[in-house]
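Here is a colleague's note to read alongside the model. Please keep the sequence and the 3D view open while going through the points.

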Amino acid sequence: MSVAVPSVARMRQAARESVSGLPRAFWWLWTSTLVNRLGGFVAPFLAMYLTVDRGYSATYAGLVGALHGLGGAVSALGAGVMTDRLGRRPTLLISQSATAVSVAVLGFVQDPAAIAAVAFLVGMAYNGSRPAVQAMMADIVAPEDRIRAFSLNYWAVNLGFAFSATVAGLIAEHGYLALFLGEAIMTLLCAVVVFVKLPKSRPVREDGAKGPAVDEPEAGLGAVLRDRGFMAVVALSFLIATIIQQGFVGLPVAMGASGLSSSDFGLAVAANGVLIVALQIPVTRFIEHREPTRLLVGAALLIGYGFGLTAFAGSVGMYALTVCVWTIGEIINTPIQMGLVARLSPTHGRGRYQGVYVLSWSLAALVAPLAGGTVIDHYGADVLWAACAVTGTLAAAGYAALMRAIPAD
């Protein structure tokens, strides 16, 4: 007992330190993110809905999924501009209201062309909130606390996803329409939280002086694209995201080709969500005030070589082990990279900068299925895993070079 009590006390102290010092507005934003992700029922089951419930082909389901991703890519830039011009809170409300309406409509449409068109709109509406959330977080959280804040928000995203993916399977047994309506209701609830509890945030001066940063000119999209340091971050983010996407694109295909079932894949990839929920906060406490260059380089290598190890996996346990390796890299990379994006973004251009950053992930969601499927079909899965290791190595070298060129805080 004398050993356990201090251990529990230390755990409680660590938990308090992880969540202390952040403004109340952040926690309402965090709550809205959690509510939104708790109701994210449709995307994980969209392909199954189209093939099993509607009887469409896998090719058609893939086309609809690609259009959903394309909508997200299109909205990333538009929502970034809206975030700067209309404001964070209005953009969030528009995005969430549009998501609720379009998801509900998607549950009722029957015509294949209409389904594809509405899926594109759902992707646009759903992804439109991300630049606003991340820009608002940069507005309301002090620079020294941003890595912790982004980590906590990412933890909420994965906690909500883990719950919604589990519950969605149970709801679908009573009819897929309930999934669409359930997500619409939860998204509207998220909009209510934003409307009632979140203040209208404004960018403030990074130097700590009082008053808004009125002397700083607004950054247009052209200025964002000409920012070489930031665009290097975006390019590296695209490489990392393309690798990580293979966990949900190439991995199930490879496991299926090895004679393993969809439930085996579910067990293996579940390690990703479990580790993020369990380790995101303690790992962030460990890395929060450490030198970021080595962490970004190490994370890129863990992600790349974690997938590279998949070439040697032959059982569910071994596949799960490889998932654990690259997930640890993801846990380290995500908050540091998001903090870096916030640091490089000028105060009056945070929405646009976040929109371009979100675009890197949206484009990866489009490219990864095409690249992974093509490589597996023509060269085999082992070549895909070797390519992931090479890409991770290139990303690590890129982070090393980039961080030498970026001035320290």
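The points below go from the overall make-up to helices, cores, single residues and aromatic rings.

1. Overall make-up. This is a predicted model. The protein has 17 helices and zero strands. Of its 409 residues, 49% count as buried. The exposed surface comes to about 18,200 Å², and 68% of that is supplied by carbon and sulfur atoms. When contacts between residues at least 6 apart in sequence are taken, 86% of them join residues at least 24 apart.

2. Helix α17. This helix covers residues 381-405, which makes 25 residues. From first C-alpha to last it reaches 36 Å, close to the 36 Å expected at 1.5 Å a residue. Its buried residues are Ala381, Leu384, Trp385, Cys388, Ala389, Gly392, Ala395, Ala396, Tyr399, Ala400, Leu402 and Met403. Which helices help to cover the buried residues of α17? The cover includes α11, α12 (250-257), α14 (292-308), α15 (316-344) and α16.

3. Helix α9. Residues 177-197 form this helix of 21 residues. Its reach between the first and last C-alpha is 30 Å, close to the 30 Å expected at 1.5 Å a residue. The buried set in α9 holds nonpolar and other residue types, including Leu179, Phe180, Glu183, Thr187, Cys190 and Val194.

4. Nonpolar cores. The largest nonpolar core has 75 residues, and those that touch the most other members are Phe26, Leu29, Leu92, Met137, Phe230, Trp385 and Tyr399. Separate from it is a second core of 22 residues, with Phe41, Leu46, Val103 and Ile115 among them. In soluble globular proteins, nonpolar side chains tend to be buried together.

5. Tryptophan 385. This residue is one of the buried residues of α17. Not counting residues up to four places away in sequence, tryptophan 385 touches Gln246, Gly250, Leu251, Ala254, Phe307, Gly308, Thr310 and Ala311.

6. Phenylalanine 26. This residue lies in helix α2. Is phenylalanine 26 buried or exposed? With a relative accessible area of 0%, phenylalanine 26 is buried. Setting aside neighbours within four places in sequence, its contacts are Met137, Ile140, Val141, Ala149 and Leu152. The C-alpha atoms of phenylalanine 26 and methionine 136 are separated by 8.6 Å, although the two are 110 residues apart along the chain. Phe26 also belongs to a cluster that ring pairs form with Trp27, Trp30 and Trp155.

7. Threonine 33. Helix α2, residues 24-38, also holds threonine 33. Its relative accessible area is 9%, under the 20% cut-off, so threonine 33 counts as buried. Beyond residues up to four places away in sequence, threonine 33 touches Val133, Asn153, Ala156 and Val157.

8. Serine 360. This residue is located in helix α16. A relative accessible area of 2% makes serine 360 buried. Leaving out residues up to four places away in sequence, serine 360 touches Val234, Ser237 and Phe238. Its C-alpha atom and that of leucine 239 are separated by 8.6 Å, with these positions 121 residues apart along the chain counted as their separation.

9. Aromatic pairs. How many aromatic pairs does the structure hold? There are nine aromatic pairs. One of them joins tyrosine 56 and tyrosine 60, which are tilted, at 4.6 Å centre to centre with 45° between the planes. Tyrosine 56 has a relative accessible area of 22% and is partly exposed, whereas tyrosine 60, at 14%, is buried. The cut-off for buried is under 20%, which is why the two residues fall into separate classes.

10. Phenylalanine 230 and tyrosine 353. These residues also form a tilted aromatic pair, 4.5 Å centre to centre and with 55° between the planes. The pair links distant parts of the chain: phenylalanine 230 is in helix α11 (residues 228-245) and tyrosine 353 in helix α16 (residues 350-379), 123 residues apart. Both phenylalanine 230 and tyrosine 353 are buried.

11. A charge over a ring. Arginine 290 lies over the face of phenylalanine 286, and the distance from the ring centre is 3.9 Å.

Conventions. Residues are numbered from 1 along each chain as its sequence is written. This is a predicted model: local features need pLDDT of at least 70, side-chain atom pairs count only at pLDDT 80 or more; totals for chains, interfaces and linings use all residues. Side-chain values use heavy atoms; hydrogens and water are left out. Rings of Phe, Tyr and Trp (its six-membered ring) pair if their centres lie within 6.5 Å; planes under 30 degrees apart count as stacked, over 60 as edge-to-face and the rest as tilted. Buried means under 20% relative accessible area, exposed over 50%, partly exposed in between (1.4 Å probe, protein chains only). Helices (H or I, at least four residues) and strands (E, at least two) are DSSP runs, numbered from the N terminus. A charge sits over a ring if NZ of Lys or CZ of Arg is within 6 Å of the ring centre and within 35 degrees of the ring normal. Contact means heavy atoms within 4.5 Å. A nonpolar core is a set of buried Ala, Val, Leu, Ile, Met, Phe, Trp, Tyr and Cys residues joined through side-chain atoms within 4.5 Å. Accessible areas come from the Shrake-Rupley method with a 1.4 Å probe; for residues, only the protein chains shown count as cover. The expected span of a helix is 1.5 Å times one less than its number of residues.
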